[in-house]
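Reader: I'd like a close look at one part of this model, the sheets and whatever packs around them. Could you walk me through it in one go, with the numbers left in?

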There are 2 protein chains.
Amino acid sequence: MAKGPTVYHVAERAGVSIATVSFTFRQPDKVKASTRELVLAAAEELGYVPSASARGLARGRTGALGLFAYDYLLDPADGIRGDGQDPHEPAAADLERRNEDLRLFPLYVDEVQRGVELECWRRGQALLVGGGNPENNEAVLSDIAGRVDGLAVFPRSVPSEALARIARRIPVVEISESVHNRELDHVTVDNVSGVRAITEHLIAAHGLSELMFLGGMPSSDNDERLAGFLGALSDAGLPNTREPKYPCGSEQSVTEVVRAICEQGSLPDAFVCATDQDALVVMDALAAAGVNVPRDVAVTGFDGIAAGRVIRPSLTTVRQPMEQMGRTMVDLLLDRLDHPDKPPAAIRLPVRVILRESCGCQPG
Amino acid sequence: MAKGPTVYHVAERAGVSIATVSFTFRQPDKVKASTRELVLAAAEELGYVPSASARGLARGRTGALGLFAYDYLLDPADGIRGDGQDPHEPAAADLERRNEDLRLFPLYVDEVQRGVELECWRRGQALLVGGGNPENNEAVLSDIAGRVDGLAVFPRSVPSEALARIARRIPVVEISESVHNRELDHVTVDNVSGVRAITEHLIAAHGLSELMFLGGMPSSDNDERLAGFLGALSDAGLPNTREPKYPCGSEQSVTEVVRAICEQGSLPDAFVCATDQDALVVMDALAAAGVNVPRDVAVTGFDGIAAGRVIRPSLTTVRQPMEQMGRTMVDLLLDRLDHPDKPPAAIRLPVRVILRESCGCQPG
DNA sequence: TCGAAGTATCTAAGCGCTTTGATTTATCGC
DNA sequence: GCGATAAATCAAAGCGCTTAGATACTTCGA
């Protein structure tokens, strides 16, 4: 790999100055058509590819955005090491198992990432995706931050001090509201209305009255979902007889809660879950206890992940517009670059209730 | 956004030279521990984030790899424009429809991309993902090429002249074998054995004898799959009574072929399809004609996309190790960077036959 | 106490591009 | 055909970092 040709080579070949070469690529109309042809031809012959590093340095902008994602399934030991050396090579069999089981469907993070990608492509922005295990997120994050003009992150995927530091330098947008960092741009959804609507549906359409909210890690998103639930109850004049089990993070404990309830034989009319993942776990636990959904108890989720469409009974849920959320993050970032001093934006996108089988409906 | 602090600021604050600052980050052991602390503290206070552009320029390496993917569903009008302006904003409703229908499951390209991402993260490599519509792939591709040390591409997602040009400058690895570019590194799978094995299964385990190969765009992958099919037939001493319908690209024409066969009432014993996508189309067409799979006819695919696991009847297929393929691309790229002069590698990964319902098996 | 041999740090020269302001060349009215 | 104005091109100064090679500082044996 001999070092590639530079503006200097192209300029010499075309018999012009390097400035003209640069103009030919960046501001073509400043260059006479005939000269442009000349330069383009020279570039073509030489196989010239402009260096983004040099451009970025000169311009003070890289022209790329970053996304810091994460992977539920990334084995911590399978992580990135500072020295760039091989930690352990994941065994092929592990990969297959992982993909065939858990990654059968795109998850929330995948769908959002797609939105970010598509929007970046549409707007002609390069996109750097990073991610990784919690161990050394900070180093990775910092590396990415040095390469981009703006960064989109999932909350809690990175320590907030690190984030704050980066936000001093480039715009950062968070998806889903983290409790801290009120001064960053945010993309969220209307959690309150979503859960309120699905809860009202259970009450009004199915005549259920003893509802229980369950699941969710502590976050303002989930706080809002609970609030929507409680609001719907009180609007309907129903007492809140079932103590909400929130936060109720790990898969383990959701399973245990449900199992305990089953053993006591004290099923509510419905489990209103904070997330689809929780709902799936709940349905598994119910199935294990021989409880039929939706006949014996209704279950609803929140997110609208693909898996919920396919399982039986299919999952009634509140769908977040994930791709749109990703796209909106990109919008915010680019907008922020043009208007650094605008007050932080918190875009709240609408959600949509999707009625399927798990609440007792019979979708077409 | 005031311009961020640079090595100069950090150096001044710490009372050292910029070289020492640089060493502190890049070769920490060349710096006395006490000095290092000093520099780190200064960097922390200032919120210093090293510029990758400057580093890349100075080192002649960006430290990033690129992936050029594509999206089946990317509306051409929804594409990237050279001027970076807004073409048309995709309507939210369109997004939802798209995601809920066609993108319900991760596709081949998605799974490979995941592999690339995970391996990059694991190895501490930044990853740039680009993609887009065929319209101006070339400009986008060139932009990406200028940003990375190596590029992974899907075949036919880019014009091969453009690719050749880029390959003059940085290593390029193709996944799945394109007909041209024998001089690039490649990752493929063992197409021949895969189809041979699945065909043998139909013959030996289910006693089928009249088999028809169907589907696939022209490519060396699919050539090999056909060869595997024919090989199995001849090994079994079966005549090739059914003219293979390959290439048979568009969804439309696969549907038509199947419909015509159904109308003639001349079903073969099995359709051996070049890809899962084809197999799904075939099964749709058969269902439309009132033909039962696998009772009236068996169907097999190739790829192992997630959708095949979930549909009924579930799809017997040959699974490619897609994540592993993505990871291998990264391996090849990094290896090539260290050994520019090694002869082109063509890694061929093994595949696995997955027996499900569509061939007549009863998976546990 | 002195010089040799390490260590630690620094000086300075790029890396390949963009872009301002200067300079040259083309265009036009009269 | 001439100056005035506009258009095209150019020279040169960075952008922020890395890294030889030079220099300063330690350490240590004799």
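Author: Start with the open sheet of 12 strands, which is drawn from both chains and has mixed pairing. Its order is β10(A)-β5(A)-β4(A)-β3(A)-β1(A)-β2(A)-β2(B)-β1(B)-β3(B)-β4(B)-β5(B)-β10(B), so if you read along it, β2(A) is followed by β2(B). Keep in mind that this is a predicted model.

At the edges you'll find β10 (346-349) of chain A and β10 (346-349) of chain B. Each has a single partner strand, so one side of each is left without a neighbour in the sheet. From one strand to the next, the twist averages 20 degrees.

Now zoom in on a neighbouring pair in chain A. Strand β3 (residues 150-153) and strand β4 (residues 172-175) run parallel and are joined by three bridges. If you want a residue to click on, take A:Val153, whose bridge partner in β4(A) is A:Glu174. Lying across β3 and β4 of chain A is helix α8 (residues 160-167), and α8 runs at about 140 degrees to β4(A).

Chain A also has a smaller story to tell, in an open sheet of three strands. The order there is β6-β7-β8, with parallel pairing. β6 and β8 (298-300) of chain A are the edge strands, each pairing on one side only. Ignoring direction, neighbouring strands of this sheet are turned by 20 degrees against each other on average.

Between β6(A) and strand β7 (residues 270-273) of chain A there are four bridges, in the parallel sense. Here A:Leu214 stands opposite A:Cys273 in β7(A). Two helices come in on this sheet. α10(A) packs on it and touches β6 and β7 of chain A, with a direction about 175 degrees from that of β6(A). α11(A) packs on the sheet as well, touching β6 and β7 of chain A, and its direction makes about 155 degrees with that of β6(A).

Some side chains are worth a look here too. Going by ring centres, there are eight aromatic pairs over all chains. In one of them, A:Phe213 and A:Tyr246 have ring centres 6.1 Å apart and planes at 85 degrees; anything over 60 counts as edge-to-face, so that's what this pair is. A:Phe213 sits in strand β6 (residues 211-214) of chain A, while A:Tyr246 is in the loop between α10 (220-235) and α11 (251-264), so the pair ties together parts that are 33 residues apart in sequence. A:Phe213 and A:Tyr246 are both buried. Chain B has such a pair too: the rings of B:Phe213 and B:Tyr246 have centres 6.1 Å apart and planes at 85 degrees, so they are edge-to-face. That pair links strand β6 of chain B with the loop between α10 and α11 of chain B, 33 residues apart. Both B:Phe213 and B:Tyr246 are buried.

Back in chain A, A:Phe213 and A:Tyr246 join A:Phe229 in one aromatic cluster. You'll also find charges over rings. A:Arg225 lies over the face of A:Phe302, at 3.8 Å from the ring centre, and A:Lys30 lies over the face of A:Phe23, at 4.5 Å from the ring centre.

For the wider setting, chain A holds 14 helices and 11 strands, and 56% of its 364 residues count as buried.

Note on methods:
Residues numbered from 1 in each chain as written. Chains lettered and ligands numbered in written order. Predicted model: local features only at pLDDT ≥ 70, side-chain atom pairs only at ≥ 80, totals over all residues. Heavy atoms only, no water. Buried < 20%, exposed > 50% of the residue type's maximum accessible area, 1.4 Å probe, protein only. Phe/Tyr/Trp six-rings, centres within 6.5 Å; stacked < 30°, edge-to-face > 60°. Lys NZ or Arg CZ within 6 Å of the ring centre and 35° of its normal. Pairing = 2+ DSSP bridges. Axes fitted to C-alpha atoms, helices over the stretch in contact; angles between N-to-C directions. Contact = heavy atoms within 4.5 Å.
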